Amino acid sequence: MMRGEFHSLLIFFSTYPLFVKSLSSISHFYPVTRIIIVLFALFISITPLPNTLLQIISIVLILGIGIMHGATDHVLFLMNECDTIKHKIPKLFFTRYFLLLGAMGFIWWLAPLPALIIFLAISAYHFGQTQLQYLPMREKHLGKKILYLFWGASVLGMLIFGSTETSVNLLQSAFPNAQWLPFLLDNGQWIFGISFVTSLLTIPIFAYKLGAKASIIEGVELLIIALFSYSTDLLISFALFFGLWHSLRATQLQIGKIARHDAYNLKHFIIQSLPFFVISLFGIGLLYMAGFYFQQQIVPEMLFLIAISMLSMPHIIIYDKFFSKFQYS
């Protein structure tokens with residue numbers, strides 16, 4: 001290593017504690033978590049690893065963190081409706097939850113293309129909300145909601161079109177005669193590039209609201225997301241984003257916000273998520289069985305995304321109300 005490079009590293013590590021400390025005052029920014037996530041994703045992106053190991057990592061991230069973070073919707077519902085997690089889960093929760101879940105499943109059965117569009121739109125909004133809710137703007141502010149959707153849509157564009165051929169093959173199993181699939185296949189790299197460039201347009205907003213340091217981290221994260229979206233396959237890139245950027249952050253936010261109003265920590269989160277985590281896996285298994293029973297041509301990965309979309313509809317509505325109610329906690 002050259003003397004100049006060593007000097008730069010020395011400056012970085014000597015100023016790192018001050019850098020993190022200066023960002024810790026931003027509510028729910030979690031700078032240490034962000035840096036660890038970035039380093040782990042960078043390692044996966046540039047290190048040649050056995051495909052079997054990557055698949056194991058993907059499954060752990062998607063199921064172990066991803067599905068589990070949505071298995072405490074009943075806790076958020078109690079906070080939204082009762083201001084405490086010690087209340088008995090009301091029947092209203094189950095009624096609303098399964099009605100919304102069933103409605104999303106019915107839309108997929110009746111009109112798959114609108115269902116896909118709805119799923120992508122609400123996912124983009126939800127991803128943006130989890131990433132950017134710390135910005136000092138009211139949750140009901142239209143500009144903040146547009147920012148959520150814009151950031152999330154840009155990141156989804158990178159994830160989907162970083163592996164265009166794989167993504168199109170998944171969609172083709174659900175939309176075998178779709179005329180728009182060849183267009184996506186032919187223009188995937190352009191869409192990826194546009195998504196990356198548009199994602200960077202959010203950086204000036206961070207700089208205006210929070211200053212240069214927070215903007216640097218947000219910019220670096222977008223660069224890393226673009227890197228692993230383009231350099232890894234769809235499974236691992238989706239797992240890295242869904243499991244780490246979204247689900248891990250959402251879990252931290254949930255624990256941090258509830259802990260300011262009620263006794264709640266990681267142990268409580270794990271215990272309370274386990275029953276609904278098992279139910280979610282059982283429900284996904286039933287969907288797979290139904291697909292095979294009715295001899296559907298949809299590949300298992302697409303069936304999994306359909307199951308996620310059904311679970312996402314009530315989950316996102318509950319989370320949005322939770323963030324709105326406890327936006328400053």
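What follows is a walk through the fold, the salt bridges, the loops and one surface patch of this predicted model.

A few ground rules come first. Because this is a predicted model, local features need pLDDT of at least 70 and side-chain atom pairs count only at pLDDT 80 or more, while totals for chains, interfaces and linings use all residues. Residues are numbered from 1 along each chain as its sequence is written, and side-chain values use heavy atoms, with hydrogens and water left out.

The protein is built from 14 helices and zero strands; here helices (H or I, at least four residues) and strands (E, at least two) are DSSP runs, numbered from the N terminus. Of its 329 residues, 48% count as buried, where buried means under 20% relative accessible area, exposed over 50%, and partly exposed in between (1.4 Å probe, protein chains only). Contacts, meaning heavy atoms within 4.5 Å, reach a long way along the chain: among those between residues at least 6 apart in sequence, 75% join residues at least 24 apart. The accessible surface comes to about 16,700 Å², and 73% of that belongs to carbon and sulfur atoms. Accessible areas were computed by the Shrake-Rupley method with a 1.4 Å probe, and for residues only the protein chains shown count as cover.

On to the charged pairs. A search of the whole structure turns up eight salt bridges, each defined as a side-chain nitrogen of Lys or Arg within 4 Å of a carboxyl oxygen of Asp or Glu. One of them pairs Lys321 with Glu81, with the closest N and O atoms 2.6 Å apart. Since Lys321 sits in helix α14 (residues 300-325) and Glu81 in helix α4 (residues 73-82), the pair ties together parts that are 240 residues apart in sequence. Both partners are partly exposed, Lys321 at 39% relative accessibility and Glu81 at 35%.

Helix α14 takes part in another such link, through Asp320, which forms a salt bridge with Lys145 at 3.9 Å between the closest N and O atoms. With Asp320 in helix α14 and Lys145 in helix α7 (residues 142-161), this pair ties together parts that are 175 residues apart in sequence. Lys145 counts as partly exposed, at 24% relative accessibility. What about the neighbouring Lys144: buried or exposed? Lys144 is buried, with a relative accessible area of 0%, and Lys144 forms a salt bridge with Glu139, the closest N and O atoms being 2.9 Å apart. Glu139 is buried too, at 1%.

Arg34, Glu218 and Glu221 are linked in a network of salt bridges. Glu218 and Glu221 are among the buried residues of α11, a list that also includes Ala214, Ile217, Leu222, Ile225 and Phe228. Does the length of this helix come out long, short or as expected? At 1.5 Å a residue, the 20 residues of helix α11 (residues 212-231) should span 28 Å, and the end C-alpha atoms are 28 Å apart, which agrees. The expected span is 1.5 Å times one less than the number of residues.

The loops hold some details of their own. Most residues other than glycine have a negative phi. Tyr30, in the loop between α1 (3-24) and α2 (31-46), has a positive phi near 50°. Asp83, in the loop between α4 and α5, likewise has a positive phi, of about 60°, and is partly exposed, with a relative accessible area of 46%.

Pro90 lies in the loop between α4 and α5 as well and is partly exposed at 23% relative accessibility. Leaving aside neighbours within four places in sequence, Pro90 is in contact with Phe77 and Leu78. From Pro90 to His74 the C-alpha distance is 9.2 Å, with their positions 16 residues apart in sequence.

Thr72, in the loop between α3 (51-69) and α4, is buried at 0% relative accessibility. The Thr72 side chain makes a polar contact with that of Gln254 at 2.9 Å. A polar contact is a pair of N or O atoms within 3.5 Å; within protein, one must be able to donate a hydrogen and the other to accept it, and residues adjacent in sequence count only if both atoms are side-chain atoms. Not counting residues up to four places away in sequence, Thr72 touches Gln254, Tyr264, Phe269, Gln272 and Ser273.

Finally, Phe106, Trp109 and Leu110 form a nonpolar surface patch with about 410 Å² of accessible area together. Patches are made of residues with over 30% relative accessible area and no salt bridge, with like charges joined within 9 Å and nonpolar side chains (Val, Leu, Ile, Met, Phe, Trp, Tyr) within 5 Å. Leu110 belongs to helix α5 (residues 91-110) and is exposed, at 58%.
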